[in-house]
Each structure stands twice: as structure tokens, then as C-alpha cells.
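Let's take a friendly walk through some charged pairs and one residue of interest. Please have the structure open as you read.

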Amino acid sequence: MRRLSPEPADELSESELLAAYPRADRPLLRVNMITSLDGAATLEGRSGSLGSPADQDLMKRLRMQADVVVVGAGTIRVEGYGATLLDAGAQAWRVAQGLTPHPRFAVVTRAGDIPDRFFADPPARPIVITHAAAPHAYPEPAEVIDCGDSSVDAAVLVAELAARGLTQILCEGGPHLLGSLVAADLVDELCLTVSPTLAGPGSVRIVAGPPSTPHRLTPAHVLTDGTHLFLRHTRP
């Protein structure tokens, strides 16, 4: 992966790529999403169909920097998430940085429908983020956090994670979860992969839900692997 430039640019080293997406010295809610050229969040029903090996590689590096990875239950079902997000090499890197071997993994659910694989042999204690009116029958050792009475309050979600020392938050969607975070003005950073694909009509955007106030972010950098663009935007 290299910086986008009219002239040929040198490939970024491993350390340079990690430095391009640093941990913050303050609480940080970072979002990682992908879109087609015409604004589709999925292709053939999955966001992964828009990606590339470089996109998957970047996602791993973002996870390496996080205290907790937060994903909606629908996205876990569709994209085939398992309990382990990082390979042994990535976990060893975290340990060398003074971090836990694996970030916590949190699933956000309104109805309690979470695939069994989310709880299968987890490398860190999994978190279920839900609300008081939802089902609460989850296997050990899941930690269940109620973030509202009848729906999940995004601000409470972030506050509850921070109270557990999980201040470097990586959200990987889906669109409804991101919509709730945008509506609450909680997004500090958006890492957006742009796929060189025209998906055509019918797909959702990366943000879904009721209308909310627009929020402006500042461009930080643009990288490319020669096909995809990797945009990073931060709060002004």
C-alpha cells in the first residue's frame, strides 16, 4: 500500500502503515467501512464482496490498535464473523506494545439473535451490548451490558465501554449501528475504503436509520493499493 500521488510513490513499510492509523492519547471511536463508487455498502448482500486483500490487511491493523471491536449482530451473521479477529502474529505485536493479546469483541443486538460462533472459544471475554427488554440468555463467559430500557443508546454504549477501560473503540458497522453513532455525534474518525466498483441500484449506504444532523470530518490521508482507495477522516 502506498500514498496516493500523481508520481510513483514508495510502498509504506509495516511500521509506517501502523503509524498512519495510531492509537490516540484520548478516547477514540474509530469506524471502518467500505463503499462502492456509487455509494453502495454491500455487493451481493455482503460488504466483504467489495473488498480486497489490502482492505482485509488494513482491517487487521486497525483491530491491532483497538481495545474493543464493536459490530452489529446483523453484520456478524451476514459477514461470517468468528470469535477470533487476529492471528498469532498480530496478537504478538499487541503484547509487545503492552496491550492485551486480543481486543475485546462486542456485538450490539436489539433482538438477542447472535450466532453461536461469536461465543465459540473466544480469545478474550466477549461482550453483548443490548437493552433491558431484550433476551438475556447468553453462554458464559459473555459479559452482558444493558445500554437502555427498550433500545440501545449509543452514548451509553460508548460510556459503558470507557468505564471498563476500553477507550480505543473500533466500530465495523453495520449501517444501522453507524447511523446511531452518527446521530449521537460520537464518531471521531472514519476509515473508508472505496472499491472501484459500480454496484448499481438497490444497496444500502454505509449509514442507515432516521435523518440526523450532518457532521463534517477533516481529510487526514488517502492511500491506495493500486485498485482501492483508503480514506481516513478525523474530527476537525
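## A pair within one helix

R61 is buried, with a relative accessible area of 8%. Keep in mind that the model you are looking at is predicted. The side chain of R61 joins that of D57 in a salt bridge, at 2.6 Å from N to O. Both residues belong to helix α2, which covers residues 53-65, and they sit four residues apart, about one turn of the helix.

How exposed is D57, the other half of this pair? D57 has 29% relative accessibility, so it counts as partly exposed. The cut-off helps here: buried means under 20%, so R61 at 8% falls on the buried side.

## A pair between a loop and a later segment

Now look at D188 and R235, whose side chains meet in a salt bridge of 2.9 Å from N to O. D188 is in the loop between α6 (175-183) and β8, while R235 is in the segment after β10 (229-234), so their pairing ties together parts 47 residues apart in sequence.

Accessibility can be checked for each partner. D188 has a relative accessible area of 14%, so it is buried. R235, at 32% relative accessibility, counts as partly exposed.

There is also a network to find: R104, E143, E160 and R164 are joined into one by salt bridges that share partners.

## A pair between two strands

What is the count of salt bridges in this model? It comes to 14. One of them links R30 and E189, with the closest N and O atoms 2.6 Å apart. R30 lies in strand β2 and E189 in strand β8 (residues 189-194), so this pair ties together parts that are 159 residues apart in sequence. R30 and E189 are both buried.

As general background, side chains of opposite charge can pair when their charged atoms come close.

## T35 and its surroundings

Strand β2, made up of residues 28-35, also holds T35. Is T35 buried or exposed? With 10% relative accessibility, T35 counts as buried, because buried means under 20%.

Which residues does T35 touch, leaving aside its neighbours within four places in sequence? Its contacts are A40, L50, L192, T193, V194, S195 and I206. For A40 there is a further detail: its backbone oxygen lies 3.4 Å from a polar atom of the T35 side chain.

Conventions: Residues numbered from 1 in each chain as written. Predicted model: local features only at pLDDT ≥ 70, side-chain atom pairs only at ≥ 80, totals over all residues. Heavy atoms only, no water. Helix = DSSP H or I, 4+ residues; strand = E, 2+ residues; numbered from the N terminus. Buried < 20%, exposed > 50% of the residue type's maximum accessible area, 1.4 Å probe, protein only. Polar contact = N/O pair within 3.5 Å; in protein donor to acceptor, adjacent residues only side chain to side chain. Contact = heavy atoms within 4.5 Å. Salt bridge = Lys/Arg side-chain N within 4 Å of Asp/Glu carboxyl O.
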